[in-house]
Amino acid sequence: MVPQLPPEIQLAQRLAGNEQVTRDRAVRKLRKYIVARTQRAAGGFTHDELLKVWKGLFYCMWMQDKPLLQEELGRTISQLVHAFQTTEAQHLFLQTFWQTMNREWTGIDRLRLDKFYMLMRMVLKESLKALKMRAWEERQIEQLLELLTTEILLPDSQAPNGVKSHFIEIFLEELAKVGASELTADQNLKFIDPFCRIAAQTKDSLVLHNINRGIFETIVEQAPLAIEDLMNEMEEEEEGEMSEDDGQEQGVPPKKLFEEPPEGSCGATPGLSEEQGEDDEDSTGAVLQFDYEAVANRLFEMASQQSTPSQNRKRLYKVIRKLQDLAEGLFPEEDVPEEAYRKLQEGRKGRKAKKRLPKSQLQNKTGKGEQEDPCADLSSRLERKRRHQGPGADPAAPQEQPRGRGRRGVRKRRRQPQAGARAKVPGCQEPGMKKKWTRGSKK
């Protein structure tokens, strides 16, 4: 009698099946199985069991084609983290996901890279949403950051460069989408603290470059937008307080935040999907708020240690200066309107092209029908000659050339006799003269 396989292996085999119907049905069964098993007090998954589940999910994504279906499947897989009932089970699920990506990354061909980049982005976003559901508890934040640092950022994590680079690139972007409206500057500093430590300790120049560009330079570049958002929020709060005070003085009750639309009106329907709401939040382009002085002090604390390599210290000190300037209100570059910037670039390109053009093209470029004034040309030549000869000299007078034994004078051209005035030498044959060709002579 053949022994029955464990349910994790059975689900993994169906998740990696050839038929899409079989794979979709297996994903739905997996979600129900996770909910039922984690609800029990003695239930839960082991590390090896979740590795088997993720291997099946990995090849389920591998077999899926068509971009829209890949996006739908990636969203379904990433939302499985919310099916786990405990925080420990969620973290184990996320840990096994990153371990699976590190193990299978080198076998992914370039045609399938995009959908696995998308899957990593979606899993990171859902893990941050799980923190948001728990009101950004400090202990939960520390546990998630420790997990991500151990599995991705540390040198002994065995994470390939592709996984590290993509994770560093998308971290701030996904954090802003999920929590830009709720997170404070102190909480955002906790989120980037692992990157400060890794940037000061790493000996990998690629990791240092990616952290510097994807985290610190991004914070500096988004500083004007962050300050603008902060000013807008303060203005809205002041306007709201003034309107409430005016309403209380006049005895007008404050308006309801959500009023029911009248019958027959084309108001917002309550049946809007959550995905549309998420897309609206993403399209606003939210920016994280940072205390730039606190970030600069934290970076200086890590970079000034004796164990920090000199190359890392130099790179980080440059970022620290920029952050200190931002803390004092000095921006690295002024905002230039797009039209002015475009005209400036076109003017520079035109001047560079003029320098490369020869004289003949420059004369043709002055315009058709325009001729240079010979009097102006002659006066400019005389002026140059007067400067060369010195003051008081007549530029039109012939100038004697110095001659001597130790001095070479300017060589004079010999005047050649014209063709009609040649001297006839006896005994020599006169060469035949070439007939001058004109346009009317050709028949």
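**Cavities, Helices and Exposed Residues**

Tutor: By class, the residues lining the largest cavity divide into 4 nonpolar, 5 polar and 1 charged. The structure is a predicted model, in which local features need pLDDT of at least 70 and side-chain atom pairs count only at pLDDT 80 or more, whereas totals for chains, interfaces and linings use all residues. Residues are numbered from 1 along each chain as its sequence is written, and side-chain values use heavy atoms, with hydrogens and water left out.

Student: What makes a residue count as nonpolar, polar or charged?

Tutor: Ala, Val, Leu, Ile, Met, Phe, Trp, Tyr, Cys and Pro count as nonpolar, Asp, Glu, Lys and Arg as charged, and the others, Gly among them, as polar. The lining consists of Thr87, Gln90, His91, Leu94, Ser127, Ala130, Leu131, Arg134, Gln140 and Leu144. Arg134 is therefore charged, and Leu94 is nonpolar.

Student: Why is a space called a cavity, and what is its volume?

Tutor: On a 1 Å grid over the protein atoms alone, a cavity is a set of points where a 1.4 Å probe fits but cannot get out, and its lining residues have an atom within 4 Å of a point. Grid points are joined across faces, edges and corners, and the volume is the space filled by probe spheres set on the points. The search of the whole structure finds 2 cavities of 30 Å³ or more, and the largest holds about 60 Å³.

Student: Which helices supply at least two residues of the lining of the largest cavity?

Tutor: They are α5 (87-104), α6 (113-133) and α7; the largest share, 4 residues, comes from α5. These are called helices because each is a DSSP run (H or I, at least four residues), numbered from the N terminus.

Student: What lines the second largest cavity?

Tutor: Its lining is Leu145, Leu148, Thr149, Leu153, Phe167, Phe171, Pro194 and Phe195. Two or more of these residues come from each of α7, α8 and α9 (185-201). The classes are 7 nonpolar, 1 polar and no charged residues, and the volume is about 30 Å³.

Student: How do you know that α7 and α8 meet?

Tutor: Contact means heavy atoms within 4.5 Å. Leu145, Leu148, Ile152 and Leu153 in α7 meet Lys164, Phe167, Ile168 and Phe171 in α8. The residues of this contact are 7 nonpolar, no polar and 1 charged. The axes, which are lines fitted to C-alpha atoms over the stretch in contact, come within 10 Å and cross at roughly 145 degrees. Such angles run from 0 to 180 degrees between N-to-C directions.

Student: Why is glutamine 158 called exposed?

Tutor: Buried means under 20% relative accessible area, exposed over 50%, and partly exposed in between (1.4 Å probe, protein chains only). Glutamine 158 has 70%, so the residue is exposed. Glutamine 158 is found in the loop between α7 (138-153) and α8 (161-179), and its phi is positive, about 60 degrees, although the residue is not a glycine.

Student: What makes lysine 66 exposed?

Tutor: Its value is 55%, so lysine 66 is exposed by the same cut-off. Lysine 66 lies in the loop between α3 (47-63) and α4 (67-78), with a positive phi near 70 degrees.

Student: How does arginine 14 count by relative accessibility?

Tutor: At 39%, arginine 14 is between the two cut-offs and is therefore partly exposed. Arginine 14 lies in helix α1 (residues 7-15) and touches Thr22, Arg23, Ala26 and Lys29, not counting residues up to four places away in sequence.

How values were computed: On a 1 Å grid over the protein atoms alone, a cavity is a set of points where a 1.4 Å probe fits but cannot get out, and a pocket is an open set with protein on both sides within 12 Å along at least five of seven lines; lining residues have an atom within 4 Å of a point.
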